[in-house]
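Work through the exercises below with the sequence and the model at hand. Try each task before reading its solution.

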Amino acid sequence: MTSQPPGRSRRRSRPLVPVVRKDPALPLIAPVELIARNKWSYPVNPMSVGMDWGRRGYTCERIADPPDKEWRDFEHETNELIVVLDGRLEIEIDVDGDAHRFDAMTGDEVFVPGGANHTVRNMHSGVTRWLFGYKAPSRGFRSF
């Protein structure tokens, strides 16, 4: 049996949080899942995450934030994924005017839709290590 990381409660996995864009100009789309609790087992293997993300068309970068570090009010044109390796992040995502706040723990994967304003804070008393990646532009077939 794999032990739990420090500071993580033995909570059951909660269901994913569905969000539907409300912009009437956009076609009706399926709900977007913003967080997958315990998607990656402890200890999280960054190489496994990077390989998975690569297959899904995402880059993968590693970052380590000191206590109370905050990345405020970011927006990217493309989708972003975040996975906590160890520590704890508070992530706020504004999707079409609806604010969603998550306490992301080790192994959780967070999806940030392209264009969504978001803030990431280290809420851990120590350094929080995490991964982030952006959806790469699709490389479709081009004819000349």
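**Exercise 1. A salt bridge across the chain**

Which side chain meets that of D108 in a salt bridge, and what is the distance from N to O?

Solution. The model is predicted, so every value here is computed from predicted coordinates. Step one: the partner of D108 is R37, with 3.0 Å from N to O. Step two: place both residues. D108 lies in the loop between β8 and β9, while R37 lies in the loop between β3 (35-36) and α1. The two are 71 residues apart, and the pair links distant parts of the chain. Step three: check exposure. D108 and R37 are both buried.

**Exercise 2. From one bridge to a network**

Find the salt bridge partner of E90, then state which residues are joined into one network by salt bridges that share partners.

Solution. Begin with the general principle: side chains of opposite charge can pair when their charged atoms come close. The side chain of E90 meets that of R121 at 2.3 Å, N to O. E90 belongs to strand β7 and R121 to strand β10 (residues 117-122), 31 residues apart. Both residues are buried.

Next take R101, which forms a salt bridge with E92 at 3.3 Å, N to O. R101 counts as exposed because its relative accessibility is 57%, above the cut-off of 50%. E92 has 22% relative accessibility and therefore counts as partly exposed.

Last, join the pieces: shared partners connect E70, R72, E90, E92, R101 and R121 into one network. A search of the whole structure finds 11 salt bridges.

**Exercise 3. The order of helix and strands**

How many helices and strands does the protein have, and in what pattern do they follow along the sequence?

Solution. The count gives one helix and 11 strands. Read along the sequence, the pattern is β-β-β-α-β-β-β-β-β-β-β-β. Contacts can then be sorted by separation: of those with a separation of 6 or more, 74% are between residues 24 or more positions apart.

**Exercise 4. The nonpolar core**

Which residues have the most contacts inside the largest nonpolar core, and which element gives the most to this core?

Solution. The largest nonpolar core has 27 residues, and those with the most contacts inside it are I82, L89, I91, I93 and V110. At least two core residues come from each of α1 (46-55), β6 (80-86), β7 (88-95), β8 (98-105), β9 (109-112) and β11 (128-134). Of the elements, β6 gives the most, with five residues.

Now look at V110 in detail. Leaving out residues up to four places away in sequence, V110 touches L34, I35, E80, L81, I82, I91, I93 and A104.

For the protein as a whole, buried residues make up 38% of the 144 residues. The exposed area is about 8900 Å², with 54% of it supplied by carbon and sulfur atoms.

**Exercise 5. Aromatic rings**

How is the aromatic pair of W130 and F132 arranged, and are its members buried or exposed?

Solution. Rings count as a pair if their centres lie within 6.5 Å. By this rule there are three aromatic pairs. W130 and F132 form a tilted one, 6.0 Å centre to centre, with 55° between the planes. W130 counts as buried because its relative accessibility is 4%, and F132, with a relative accessible area of 16%, is buried too. W130, F132 and Y134 form one aromatic cluster.

A further ring contact involves a charge: the charged end of K69 sits over the ring of W71, 4.4 Å from its centre.

Terms used:
Residues numbered from 1 in each chain as written. Predicted model: local features only at pLDDT ≥ 70, side-chain atom pairs only at ≥ 80, totals over all residues. Heavy atoms only, no water. Phe/Tyr/Trp six-rings, centres within 6.5 Å; stacked < 30°, edge-to-face > 60°. Buried < 20%, exposed > 50% of the residue type's maximum accessible area, 1.4 Å probe, protein only. Lys NZ or Arg CZ within 6 Å of the ring centre and 35° of its normal. Helix = DSSP H or I, 4+ residues; strand = E, 2+ residues; numbered from the N terminus. Contact = heavy atoms within 4.5 Å. Areas by Shrake-Rupley, 256 points an atom, 1.4 Å probe, with all protein chains shown as cover. Core = buried A, V, L, I, M, F, W, Y, C linked by side-chain atoms within 4.5 Å. Salt bridge = Lys/Arg side-chain N within 4 Å of Asp/Glu carboxyl O.
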